[in-house]
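Visitor: Hello! I would like a close look at one single part of this model, please.

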Amino acid sequence: MNMKIEIYDFSKQYKNHIVNIDDIVINGRVSLIVGQNGSGKSTLLKAIGGIIKYGGNIECKDKVCYMDEFFSYPSDIKLFDFLKLLNSTSISPKKEEDISKLLDYFNLTDKQDDDIQSLSKGMKAKVNIIQCLLEQADIYLLDEPLSGLDKEGVELFKNYILKSKNNFVISTHLNDELEDLSDEVIYL
Amino acid sequence: MRSLILLHFQYLFSWKVFYITSLILLLATICFLYFSNFYLDYDLLLFNKQYYSEEYYFESISLIKIIVVLFNMFIVINSFILNKYDLLLISRRSKKEVIISKTLSLLIINNGFSIILYLLFLVTGMFLTPYMNISKLDLSLLGDILIFGSIYQMIYILVYVANKTIYALILVIVGYFISDIVTDSFIVKENVTSFSKILNVVFVNVNYYTNEGYSMLFGKTVGITVFILLFFCVVLIYFNRDITN
């Protein structure tokens, strides 16, 4: 499915600085947003995801799902139960077998009965990707998805993106890792 | 909405939280036991029924109010500051649904906790003293305590959502203590000073008035109205603010 995100006169005012982005159109199936720290990669993704207020105009007709780099995990809950519970909050929840498939793909099946807090940083990074992919969306906005992933995790993630028919907008500062699978690279 | 509330509960409840809450309830019960004077001679308690009853009520209600105010701060910190997960839900549901479900979850916990605390106060008095009996089951007072707790919870959420800093929550505690010190008990309601009245619009208090017994200065209707207004302010501010992890 072809997607198109048009961004015009984008600006976001923070306390000490302003993020200004020139007009851009994102229309690759896999688009990388690359830039230095503070260039506005995460800000742009959050704005597209409708999470923050901004100046300018963003046109996107497709359903998007935003994945943040960090989030807190609850205590005293098994990994599978957490994903099941999170999935149930969705307007169009996926089947339990879809959770199992994703856990299996990211080699976390043997951890599904473990307390989510006991997982390593890399495993939690995989859980973060899984929870996002569980949501039905046309475009996935992934903020630094490689953060915390080991080599095996990076490869699994790259292969998933390659095989997937969904659209991805990925912000990263490790563009070397993902450049080969992207359809376009946007430098901020 | 049910699934959202269940997820909020999952973030709010852990065994650690359960143990600490149980410990708070245990400490409160020990205080109620002490306030009840049950260790004094039974005949003495019976003879000075009115005095001991008033004393038990005054000390226990003061304690319940402080515990409810602090417990609310604790759960708001747990929900908004220690556990940052709103972005997980905003990708799935609207901001309005997220904040409404979160607030409802906190209200359920706060009201459940307040009811248990109030029951412990009643049971302690009923079983151990001659001056409390089942006819003293004051549901109106319980209603006042629930509205009192709910308003403070809304103020905490509002202050945090508007300022995004944990230190802002201290304002609410200071507000409560000023209101508690300034608002006199054991006087006729009409004699309350203008300063107390202004404070009691937001920093509500449950006090003993000689003409009405324990009640809020402006009554339940005003209390519920203030609560609803604060609730709408919370939703409005949350909706218009950036959500960050």
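Is B:Asp144 buried or exposed?

Guide: Happy to help. First, a word on the ground rules: this is a predicted model, in which local features need pLDDT of at least 70 and side-chain atom pairs count only at pLDDT 80 or more, while totals for chains, interfaces and linings use all residues. Residues are numbered from 1 along each chain as its sequence is written, chains are lettered from A and ligands numbered from 1 in the order in which they are written, and side-chain values use heavy atoms, with hydrogens and water left out.

Now to your residue. B:Asp144 counts as buried, because its relative accessibility is 1% (buried means under 20% relative accessible area, exposed over 50% and partly exposed in between, with a 1.4 Å probe and protein chains only). You will find B:Asp144 in helix 7 of chain B, which covers residues 139–163; helices here are DSSP runs of H or I with at least four residues, strands are runs of E with at least two, and both are numbered from the N terminus. Setting aside residues up to four places away in sequence, B:Asp144 touches B:Val206, B:Tyr214, B:Ser215, B:Met216 and B:Lys220, where a contact means heavy atoms within 4.5 Å.

The next helix is worth a visit too. Helix 8 of chain B, residues 168–182, holds B:Leu169, and that leucine also counts as buried, at 1% relative accessibility. Apart from neighbours within four places in sequence, B:Leu169 is in contact with B:Met73, B:Ile77, B:Ile81, B:Tyr156, B:Val159 and B:Tyr160. From B:Leu169 to B:Tyr56 there are 113 residues in sequence and 30 Å in space, C-alpha to C-alpha.

For the setting, turn to chain A. It has six helices and nine strands, and 52% of its 188 residues count as buried. Its C-alpha atoms fill a box of roughly 45 × 35 × 30 Å along the principal axes.

You may also wonder about cysteines. The whole structure has zero disulfides over all chains, a disulfide being a pair of cysteine sulfur atoms within 2.5 Å. In A:Cys132 the sulfur is 3.7 Å from the closest cysteine sulfur, that of A:Cys65, so the two are too far apart for a bond. A:Cys132 is buried, at 1% relative accessibility. For A:Cys60 the closest cysteine sulfur is also in A:Cys65, at 12 Å, and that is too far for a bond. A:Cys60 counts as partly exposed, with 27% relative accessibility.
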